[in-house]
Amino acid sequence: MLEIRELTVSYGEKLVLDRFSLTVPAEGVTALAGPSGCGKTTLLRTLTGLERPSSGAFTGLEPSEAVLLFQENRLFPWRTAEQHITDVLPRPDRETARRWLAAAGLEGEEGTYPAALSGGMARRLALVRALVLAEVRRGWVLLDEPFAGVDPARTESLMEAVYGLGLPVLLCAHEAHTVALATRRVDLDGPPLRVIAEPRA
């Protein structure tokens with residue numbers, strides 16, 4: 001179980017997390033639902049050690065084992081779609097890479113570079129790269145707006161892959177369709193980030 005206790009994070013004078021607390025079960029997919037800019041991304045960055053809180057703590061999640069999918073795709077322009085997957089595997093494995101590319105609806109794009117992918121295709125590639133790395137690390141999976149630019153049918157298919165990992169997932173989203181696919185949802189507002197409705201299935 002992830003226990004977040006009294007986390008406080010600020011950027012200059014802007015208070016983004018103010019003694020924020022939340023308990024999240026270490027199973028299934030928990031959707032953090034809230035408007036853009038409320039502090040969801042800062043929370044994920046803090047849980048992965050990219051931001052240091054001025055106070056508070058969390059337990060039940062090891063930052064070095066967690067995988068974070070950023071809002072930006074962060075794809076390497078000089079690596080092909082297939083290489084983006086094999087690069088995060090312990091050993092290059094083209095069969096595994098092609099299986100995940102197929103899960104993302106990217107069959108036939110193995111040799112394609114990011115510049116030649118549409119926005120939705122690039123997002124799906126970034127997502128499955130994160131899922132492959134999570135499969136290797138076996139820690140928490142933190143997804144920041146993972147389905148931006150992805151159509152509902154593809155979103156449902158990819159959520160099946162997310163559940164298939166059998167790992168605890170914390171997912172930030174504001175699309176009702178995405179939130180509805182989660183095991184449970186937590187409604188948030190801010191800044192500073194605050195819970196306006198406790199976790200519910």
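This report describes strands, salt bridges and backbone features of a predicted model.

**Strand β6 and its neighbours**

Strand β6 covers residues 141-144, and both of its faces are covered. Val141 and Leu143 point to one side, while Leu142 and Asp144 point to the other, and these four residues are all buried.

Two strands pair with β6. On the one hand, strand β5 (residues 67-69) runs parallel to β6 and is joined to it by 3 bridges. Within this pairing, Val67 has Val141 of β6 opposite it. On the other hand, 4 bridges connect β6 with strand β7 (residues 169-173), and these two strands also run parallel. Here Leu142 is found opposite Leu170 of β7. Between β6 and β7 the chain passes through helix α5 (residues 152-164), and this β-α-β crossover is right-handed.

**Asp144, a buried charged residue**

Asp144 belongs to strand β6. Which side chain of opposite charge is nearest to Asp144? It is that of Lys40, at 6.3 Å, and Asp144 has no salt bridge although it is buried. A salt bridge requires a side-chain nitrogen of Lys or Arg within 4 Å of a carboxyl oxygen of Asp or Glu, so the distance of 6.3 Å to Lys40 does not qualify.

The side chain of Asp144 does, however, make a polar contact with the side chain of Thr41, at 2.6 Å. When neighbours within four places in sequence are left aside, the residues in contact with Asp144 include Thr41, Leu44, Leu69, Phe70 and Gln71. Arg123 and Cys172 are also among the contacts of Asp144.

**Strand β3, enclosed by the structure**

How many of the residues of strand β3 (residues 29-33) are buried? The count is 5 of the 5 residues, so strand β3 is largely enclosed by the rest of the structure. The burial extends to both faces: Val29, Ala31 and Ala33 lie on one side, and Thr30 and Leu32 lie on the other.

Strand β3 also has two pairing partners. It runs parallel to β7, with 5 bridges between them, and Thr30 has Leu170 as its bridge partner in β7. Leu170 was named above as the residue opposite Leu142 of β6. In addition, 4 bridges link β3 to strand β8 (residues 184-189), again in a parallel arrangement. In that pairing, Ala31 has Arg185 of β8 opposite it.

**Salt bridges**

Side chains of opposite charge can pair when their charged atoms come close. In this model the count of salt bridges is 8. Three of them are set out below, with the distance between N and O atoms.

| Acidic residue | Basic residue | Distance |
|---|---|---|
| Glu72 | Arg74 | 3.2 Å |
| Asp87 | Arg79 | 2.8 Å |
| Glu82 | Arg94 | 2.8 Å |

In the pair formed by Glu82 and Arg94, the partners come from distant parts of the chain, 12 residues apart: Glu82 is in helix α2 (residues 81-86) and Arg94 is in helix α3 (residues 94-103). Glu82 and Arg94 also belong to a network of salt bridges that includes Arg98.

The surroundings of these residues can be described by their relative accessible area. Glu82 has a value of 10% and is therefore buried. Glu72, at 44%, is partly exposed, and its partner Arg74, at 45%, is partly exposed as well. Asp87 is partly exposed at 39%, and Arg79 is partly exposed at 24%.

**Backbone features**

Most residues other than glycine have a negative phi, and most peptide bonds are trans. Several places in the model depart from this pattern.

Where do cis peptide bonds occur? One joins Gly190 and Pro191, with omega at about 0°. Another leads from Pro191 to Pro192, with omega near -5°. Pro191 is located in the loop between β8 and β9 (194-200), and Pro192 lies in the loop between β8 and β9 too.

Positive phi values appear at two residues that are not glycine. Arg19, in strand β2 (residues 14-24), has a phi near 55°. Its relative accessible area is 54%, so Arg19 counts as exposed. Arg138 has a phi of about 60° and is situated in the loop between α4 (119-137) and β6. With a relative accessible area of 44%, Arg138 is partly exposed.

Terms used: Residues numbered from 1 in each chain as written. Predicted model: local features only at pLDDT ≥ 70, side-chain atom pairs only at ≥ 80, totals over all residues. Heavy atoms only, no water. Buried < 20%, exposed > 50% of the residue type's maximum accessible area, 1.4 Å probe, protein only. Pairing = 2+ DSSP bridges. Right-handed = clockwise from strand over helix to strand, strands pointing away. Lys, Arg positive; Asp, Glu negative; His and termini not counted. Polar contact = N/O pair within 3.5 Å; in protein donor to acceptor, adjacent residues only side chain to side chain. Contact = heavy atoms within 4.5 Å.
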